[in-house]
Amino acid sequence: MRAWSVVRPGPVEEGSLRWTEKPVPVPGDDELLVRVRACGVCRTDLHVTEGDLPVRRVGVTPGHEVVGVVAGAGAAASGFSAGDRVGVAWLRRTDGSCAYCARGSENLCPSSRYTGWDADGGYAEYTTVPASFAHRLPRGVDDVALAPLMCAGIIGYRALRRAALPPGGRLGLYGFGGSAHLCAQIALAEGATVHVMTRAAPARRLALELGAASAQDAYALPPEPLDSAILFAPAGELVPVALRALDRGGTLAIAGIHLSDIPPLHYESELFYEKQVRSVTSSTREDGRAFLALAARHGVHATTRPYPLSRAAQALADLKAGGLEGGTVLVNDNAF
Ligand SMILES: [Zn+2]
Ligand SMILES: [Zn+2]
């Protein structure tokens, strides 16, 4: 099969990600073989390709926003049949036995393994997934539109829950890319008032089109105090900005994997009155199930930009060059 491989981590424009031949993977005992139809492009794929994340598998195939069809299964894989459409997300395996797994926090499992980092992912014609970590997908939504939901969507949903937004509450979103624009749709459908703070004018326009009550620059104060805020931009300097925008008792959730340093906080204006700051780490299978069900019910729609699978390196380079906030999807034209 054709598959992209990280031959040697480095700048993507210097050929670190190469279009190669690999054998079609053999699913493990509890795994499904999946024929990839579409795979979203996430910024984490760039971190894997460029070596910002350490190498966990030599020559790894990136990609963890996979929509595909079951094409085979190991002897112990259950719950799916050949031809079923499935989604493959970032969290690939956990030990299922540690204290975190036992209390429903499998996203914190120290033994967790990830798609497109520890194991080959979806920048290929085929991939594999443990059957118990494969997601059932809603009918009536096409493959390309579903792909960005598998990471950007699920993470945005977890961030929204971590932000502890009260019913009908006032939510501020800092940064408005792939994850935030999906999160906003869930929050709006659930009755929130949403304010968006981002420096990108096209993103501010999209926010207002989707139903945000206001959209302003990243450093501007929203027109009313916030019950909750989510920081999607990887900019630590926005932490005090968002904290000042919170009402008493408000919660700020930080959604990114990476964040630049947070400047010193001013206790009186930024933390006192029981304001809270929380991080968001990966997501659980239950987050995925809950989010995909809500997305189907509310018609959550991802803005997408398709590329042929054979142009994945260009898609990543374009993502790196900026201006393209989320929604890039690789389409395997041979899969239809
Ligand atoms: Zn991702
Ligand atoms: Zn565990």
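This is a short guided tour of the structure above, one selection at a time.

**Before you start**

The model is predicted: local features need pLDDT of at least 70, side-chain atom pairs count only at pLDDT 80 or more, and totals for chains, interfaces and linings use all residues. Residues are numbered from 1 along each chain as its sequence is written, and chains are lettered from A and ligands numbered from 1 in the order in which they are written.

**Stop 1: the two domains**

Colour residues 2-137 and 304-335 as domain 1, then 154-279 as domain 2. These bounds come from an automatic or database domain assignment. Taken over C-alpha atoms, the centres of the two domains are 29 Å apart. Where they meet, five residues of domain 1 are in contact with seven residues of domain 2; contact here means that C-beta atoms, placed from the backbone, lie within 7 Å. The domain 1 side of this meeting has one nonpolar, three polar and one charged residue. In this scheme Ala, Val, Leu, Ile, Met, Phe, Trp, Tyr, Cys and Pro are nonpolar, Asp, Glu, Lys and Arg are charged, and the others, Gly among them, are polar.

**Stop 2: the largest nonpolar core**

Next, select L173, C183, I230 and L231. Of the 96 residues in the largest nonpolar core, these touch the most other members. Such a core is a set of buried Ala, Val, Leu, Ile, Met, Phe, Trp, Tyr and Cys residues joined through C-beta atoms within 7 Å. A residue is buried with 20 or more other C-beta atoms within 10 Å of its own, exposed with 12 or fewer, and partly exposed in between, with C-beta atoms placed from the backbone. The core takes at least three residues from each of domain 1 and domain 2.

Zoom in on L173. Setting aside neighbours within four places in sequence, L173 is in contact with A180, C183, A184, V194, V196, M197, I230 and F232.

**Stop 3: helix α7**

Now show residues 238-245, helix α7. Helices here are DSSP runs (H or I, at least four residues) and strands are runs of E of at least two, numbered from the N terminus. Six of the eight residues in α7 are buried: L238, V239, V241, A242, L243 and A245. What do the buried residues of α7 pack against? Their partners are β10 (170-174), β13 (226-231), β14 (246-254) and α8 (267-271).

**Stop 4: helix α4 and its crossing with α9**

Move to α4, residues 152-162. This helix is mostly covered, with 10 of its 11 residues buried; among them are I154, I155, L160 and the two arginines R158 and R162. The buried residues of α4 pack against β3 (31-40), α5 (178-189), β13, β14, β15 and α9.

Add α9, residues 285-298, to the view: the axes of α4 and α9 come within 9 Å and cross at roughly 100°. Axes are lines fitted to C-alpha atoms, for helices over the stretch in contact, and angles run from 0 to 180 degrees between N-to-C directions. The two helices are therefore roughly perpendicular, a label for angles of 65 to 115 degrees. At the crossing, G153, I154, Y157 and R158 of α4 meet D287, G288, A290, F291 and A295 of α9. By class, this contact has five nonpolar, two polar and two charged residues.

**Stop 5: two positive phi angles**

Most residues other than glycine have a negative phi. Step past α4 to A164, which has a positive phi of about 50° although it is not a glycine. A164 sits in the loop between α4 and β10 and is partly exposed, with 16 other C-beta atoms within 10 Å.

S282 also has a positive phi of about 50°. Look for S282 in the loop between β15 (276-279) and α9; with 19 C-beta neighbours inside 10 Å, S282 counts as partly exposed.

**Stop 6: P130 and D217**

Is P130 buried or exposed? P130, in strand β8 (residues 126-130), is buried, with 21 other C-beta atoms within 10 Å. Beyond its neighbours within four places in sequence, P130 is in contact with D30, E31, R92 and R93.

Finish at D217, in the loop between β12 (214-216) and β13. D217 counts as exposed, with 12 C-beta neighbours inside 10 Å. Not counting residues up to four places away in sequence, D217 touches M197 and R199. For a last distance, pick the C-alpha atoms of D217 and R204: they are 8.4 Å apart, with these positions 13 residues apart along the chain numbering.

Terms used:
Angles under 35 degrees count as roughly parallel, over 145 as roughly antiparallel, 65 to 115 as roughly perpendicular and the rest as oblique. Two residues are in contact if their C-beta atoms, placed from the backbone, lie within 7 Å.
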